[in-house]
There are 4 protein chains.
Amino acid sequence: MRANDGARSFTEQGRRAQIVRAAIDVIVERGYPSTSFGRIAERAGLSSTGMISYHFRGKDDLMDQVVTDIYAEAAELVGGRIDAEQTARGQLLAFVEASVAYYRTHHRHVRALTEITLGRRGDDRSGPRDRELADLAELLRTGQRTGEFRDFDPDVMAVTVRHALDGVALHLGADTDRDFETWSRELVTTVDRATREDPT
Amino acid sequence: MRANDGARSFTEQGRRAQIVRAAIDVIVERGYPSTSFGRIAERAGLSSTGMISYHFRGKDDLMDQVVTDIYAEAAELVGGRIDAEQTARGQLLAFVEASVAYYRTHHRHVRALTEITLGRRGDDRSGPRDRELADLAELLRTGQRTGEFRDFDPDVMAVTVRHALDGVALHLGADTDRDFETWSRELVTTVDRATREDPT
Amino acid sequence: MRANDGARSFTEQGRRAQIVRAAIDVIVERGYPSTSFGRIAERAGLSSTGMISYHFRGKDDLMDQVVTDIYAEAAELVGGRIDAEQTARGQLLAFVEASVAYYRTHHRHVRALTEITLGRRGDDRSGPRDRELADLAELLRTGQRTGEFRDFDPDVMAVTVRHALDGVALHLGADTDRDFETWSRELVTTVDRATREDPT
Amino acid sequence: MRANDGARSFTEQGRRAQIVRAAIDVIVERGYPSTSFGRIAERAGLSSTGMISYHFRGKDDLMDQVVTDIYAEAAELVGGRIDAEQTARGQLLAFVEASVAYYRTHHRHVRALTEITLGRRGDDRSGPRDRELADLAELLRTGQRTGEFRDFDPDVMAVTVRHALDGVALHLGADTDRDFETWSRELVTTVDRATREDPT
DNA sequence: CATGAATGAGCATTCATTCAT
DNA sequence: CATGAATGAATGCTCATTCAT
């Protein structure tokens, strides 16, 4: 019984949040493939995995929740920065800069998100990722129409930029000395150079 | 007994190669997480998994072998193209172009490599990958010394280029309409723009 | 506390009836082995299984109630038909005919009953069933005494007739083309031939 | 690995047979719904359920094996008796008589078979049972064509006879005092009366 | 060299039941 | 009276690994 439909009580919200937090911890520390209900329950201080199944319809449901939560948080922070810009170029660079900034303050969340996204390729669960790629490609197309961007393939460029950003998330965990300032400046410059129309 | 140390007989070499081939098949067809000794043995026409454990110290050992073999093959093909170039810029663009070309002709191998790399993050097993990144950063540094490349952080750029290339491997499977020609041209242009010194 | 002893309030009667109805629905639609408190609660529009445990001592207790209710209903309908007959032979054939007729009008109930009976064999819970068999055997014995029935073993015959009737319940679900008329006529004839004293 | 395809070694045949025997024990003693791999392993003296999964593709596979084994054994004993008869009536009565005789000598096997058959209704696994019913109906049709049997619906009669025989298996476990001689004689007479053409 | 049976921990999931509120 | 969160054992099943032969 229970497991995920309809309104949720205050207590349950808490439990669910606690489980999601524990899941993120485990994903970050052991990697997505090694993330099991057993490990999450242990980390959450739960006595059995049944508890997790009680609150989530299954592993996919839990992971969807993790992804949804993190995307929502990121969208709030990054989306605000993008909307503040008027031009396509400004929005693209704001997207890159705000993404890296978000990695700085929430790098565990981003790490978890990347782990899940890459770990579930092909499971037909890559909805949010695909949507983000589509939005990015659309932004690039807009900039091309306005003459801000040069003539590249928007889909290829979207994938390229997105993967370049993944590099930050993946390498900043192991390489904490690397300065975020540097990553931010470098990526913004790189993406700008890769996309902008040459001045004549 | 046995399992992986010291000199190897002719027959054993053959068995190992056969197992590695089967492993690649399974990884490509079912994904890394679903790749088990059982499935590999089945695909290799072996009657039990004992055979695999006999020849490899464990799953990690087998996967290391797969990675090593593929990297060696790729290094031979891509490395040749790089060495044919004289300038750092020429070598960098040759690396990008040859990498995409290698994906085209050996996309199963690249696919397997990507699956393993993504599937094992956190296992501290990224030896060959790290070496490749270091080589790439070194090439970038050289180009900066000769004045061919602008002043960027070579390590950050190396990661960025490497991840951009990963995008090809990941997205070409699902997106077969996308032309290799396009990806190749777009990525070469993008990397060139991102790295080259502006003409004055 | 609570759970099944002593007098029951009006409200509680209603709740219990509601749960029993939901249980029958689930049994018919998913089969006895897949009938869980969770599924029954869901079907009954209850938010948790606790409600069911509160009203019934356990799964067995609930199932006993289902069985009891259905037997009571059947006894009323079938019993009336039997009592309308004067002779043992008339009563036996009325029992067979009325049973099949009851299957036709209440086949969901009969289906549930059969599922429970078959699903719980060995649980020593066959009270109503055993009572029915005893009543049937008694009727047969009566008919032998009056000379209407030939000389067979009444207990064996009771089991045989009872199981033949089970066949209707089991096969009519899958075989909806089969006409109830046919089953009724065939079974009445068969039972009559099997039991009656030969005319001399 | 392993699990059920291709040739089987001597040792494995033994293990499989041992597991099948244990499965029958558990089914007879606890009923089909309570028969789990855990219980079977325990009964077979196996240290884990993994052992069973190693030898059988799954629960269904194991149960299919049990059914197959028992049907094969029964077919040998009962089939021989049927083939010895020339007429349809002779064959039908031989089938009934030999079935009961088989119950006497192998009542645990029959009990297990009945448990499985009834316990898996609707799982699309009732192949052997359906085949038996079809064969029986065919025999009845033959007898009608030769004028040995009266004009009844052969499918309905097949189900009826089959269920009457199930009654023996189900009731002889609890009712061991009941004499097999009686059951045999009673059922043969009953079936004969139910089916035969009236002498004119 | 090679086999394949055996192991036992681990997996996600379902279940009836309990109990504080 | 009613709730619903929590429990923990049990389910079938997969896995990498071991080891006697």
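This note goes through a predicted model, taking up the fold of chain A, its domain interface, the chain contacts and the surroundings of DNA strand F.

1. Overall form of chain A. The secondary structure of chain A consists of nine helices and zero strands, so that the order of elements from the N terminus reads α-α-α-α-α-α-α-α-α. Taken along the principal axes, the C-alpha atoms of chain A fill a box of roughly 65 × 40 × 30 Å. The domain assignment divides the chain into domain 1, covering 1-57, and domain 2, covering 66-195.

2. Extent of the domain interface in chain A. The centres of domain 1 of chain A and domain 2 of chain A, taken over C-alpha atoms, are separated by 28 Å. At the interface, ten residues of domain 1 of chain A are in contact with eleven residues of domain 2 of chain A, and the area buried between these domains is about 850 Å², with carbon and sulfur atoms giving 72% of that area. On the side of domain 1 of chain A, the residues that lose the most area to domain 2 of chain A are I24(A), V28(A) and Y32(A), which together account for 60% of what that side buries.

3. Polar features between the domains. The rule finds one salt bridge across the interface of domain 1 of chain A and domain 2 of chain A. In a salt bridge between side chains, R108(A) meets D25(A) with an N to O distance of 2.2 Å. Two residue pairs are in polar contact across the domain interface, both at pLDDT 80 or more. Sorted by class, the side of domain 1 of chain A that touches domain 2 of chain A has seven nonpolar, one polar and two charged residues.

4. Contact between chain A and chain B. Here 30 residues from chain A and 30 residues from chain B take part in the contact, and the two chains bury about 2,900 Å² between them, 57% of it on carbon and sulfur atoms. The count of salt bridges between chain A and chain B is two. D198(B) and R193(A) form a salt bridge in which the closest N and O atoms are 2.6 Å apart. Seven residue pairs are found in polar contact across the interface of chain A and chain B, both residues being at pLDDT 80 or more.

5. Make-up of the chain A side. On the side of chain A that touches chain B, at least two residues are supplied by each of α6 (107-119), α8 (154-174) and α9 (180-195) of chain A. The largest share of that side, eleven residues, comes from α8(A). By class, the side of chain A that touches chain B has twelve nonpolar, seven polar and eleven charged residues.

6. Chain pairs without contact. Chain B and chain C do not touch, and their nearest C-alpha atoms are 29 Å apart. No contact joins chain A and chain D either, the closest C-alpha atoms of these two chains lying 19 Å apart.

7. Residues around DNA strand F. This strand is surrounded by 35 residues, of which the closest are Y54(A), F37(B), S47(C), S48(C) and K59(D). The residues of the surface near DNA strand F divide into six nonpolar, 22 polar and seven charged. Seen from the strand, 64% of the atoms of DNA strand F within 4 Å of the protein belong to sugar or phosphate, and the rest belong to bases.

8. Phosphate contacts and contributing helices. An N or O atom in the side chain of R15(A) is 3.0 Å from a phosphate oxygen of DNA strand F, and for the side chain of H55(C) the corresponding distance to a phosphate oxygen of the strand is 3.3 Å. With K59(D) a polar backbone atom is involved, and this atom is 2.6 Å from a phosphate oxygen of DNA strand F. The elements that give two or more residues to the surface near DNA strand F are α1 (10-30) and α3 (50-55) of chain A, α2 (37-44) and α3 (50-55) of chain B, α1 (10-30) and α3 (50-55) of chain C, and α3 (50-55) of chain D. The largest share of this surface, four residues, comes from α3(C).

Notes. Residues numbered from 1 in each chain as written. Chains lettered and ligands numbered in written order. Predicted model: local features only at pLDDT ≥ 70, side-chain atom pairs only at ≥ 80, totals over all residues. Heavy atoms only, no water. Domains from an automatic or database assignment. Contact = heavy atoms within 4.5 Å. Buried area = accessible area lost by both parts, 1.4 Å probe. Salt bridge = Lys/Arg side-chain N within 4 Å of Asp/Glu carboxyl O. Polar contact = N/O pair within 3.5 Å; in protein donor to acceptor, adjacent residues only side chain to side chain. Nonpolar A, V, L, I, M, F, W, Y, C, P; charged D, E, K, R; others polar. Near = heavy atom within 4 Å.
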